[in-house]
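Work through the exercises below with the model open. Try each task before reading its solution.

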Amino acid sequence: MQIFVAPYANPLAGEWTDAADAVETYEKVYARANGGDVGLMDTEVPGTDETTQPDVIVALAEVATERGNVWRAYLQIFSPTFNDDGDVTEAADDCDERYRGTFDSDTDFAWEHAEGTGMLQGWPEQARRYFNAESFARDLMMEHESVWQTGRDGDFGARHYFATY
């Protein structure tokens, strides 16, 4: 993932670099700017903006690389805050705890939830036919949220589901 760091006074004096090198690049551009303000002008790292500190950029790039589109989907629903010390563990853990998977529809999610939690365990086959997955999905979505995340690099994307409670 790439970032563009430049002095505010002269954006043309900036440079593109790998997000993993954010700290060193900020220092280098700051030195060229003779102590002037330096900032993030453009970024491919989800969850960053012009005020994001270099340590946080590095950590967010690692999280985005590890979690891929799940992290991007998480950021579309939730607005985590990050400390300036570069520790994004709390937000990454929250993403992992809330994430329920990818499904084609709310009804598919409801079926998987019902079967995965053992809710339908012990139901006779005749009774399972009367289980109203559409109705259960509406109830389940009161405590969950989904977002369509368009894929990258030829991936068609997926609908990601997260708990909101």
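**Exercise 1: the largest pocket**

The largest pocket has a volume of about 180 Å³. The model is predicted: local features need pLDDT of at least 70, side-chain atom pairs count only at pLDDT 80 or more, and totals for chains, interfaces and linings use all residues. Residues are numbered from 1 along each chain as its sequence is written, and side-chain values use heavy atoms, with hydrogens and water left out.

Task: find which residues line the largest pocket, and sort them by class.

Solution.
- Step 1. Apply the rule. A pocket is an open set of points on a 1 Å grid where a 1.4 Å probe fits, with protein on both sides within 12 Å along at least five of seven lines; lining residues have an atom within 4 Å of a point.
- Step 2. List the lining: Tyr74, Pro80, Thr81, Phe82, Asn83, Asp87, Val88, Glu90, Ala91 and Asp94.
- Step 3. Sort it. Five are nonpolar, two polar and three charged.
- Step 4. Find the main contributor. Helix α4 gives the largest share, three residues.

**Exercise 2: the sheet beside α4**

Task: work out which strands stand at the edges of the sheet that holds β4, β5 and β6.

Solution.
- Step 1. Read the order, β4-β6-β5, in an open antiparallel sheet. Strands (E, at least two residues) and helices (H or I, at least four) are DSSP runs; two strands pair if DSSP finds at least two bridges between them.
- Step 2. Pick the edges. β4 (99-102) and β5 (144-149) each have a single partner strand, so one side of each lacks a neighbour in the sheet.
- Step 3. Check one pairing. Three bridges join β4 to β6 (residues 158-163). Thr102 has His160 in β6 as its bridge partner.
- Step 4. Add the helix. α4 (residues 89-98) lies across β4 and β6, at about 60° to β4. Contact means heavy atoms within 4.5 Å; angles run from 0 to 180 degrees between N-to-C directions of axes fitted to C-alpha atoms.

**Exercise 3: an aromatic pair**

Task: classify the ring pair of Tyr74 and Phe162 as stacked, tilted or edge-to-face.

Solution.
- Step 1. Set the limits. Rings of Phe, Tyr and Trp (its six-membered ring) pair if their centres lie within 6.5 Å; planes under 30 degrees apart are stacked, over 60 edge-to-face, the rest tilted. The count comes to 12 aromatic pairs.
- Step 2. Apply them. The centres of Tyr74 and Phe162 are 6.0 Å apart and the planes stand at 55°, so the pair is tilted.
- Step 3. Place the residues. Tyr74 is in helix α3 (residues 69-77) and Phe162 in strand β6, 88 residues apart.

Methods
Grid points are joined across faces, edges and corners, and a volume is the space filled by probe spheres set on the points. Ala, Val, Leu, Ile, Met, Phe, Trp, Tyr, Cys and Pro count as nonpolar, Asp, Glu, Lys and Arg as charged, and the others, Gly among them, as polar.
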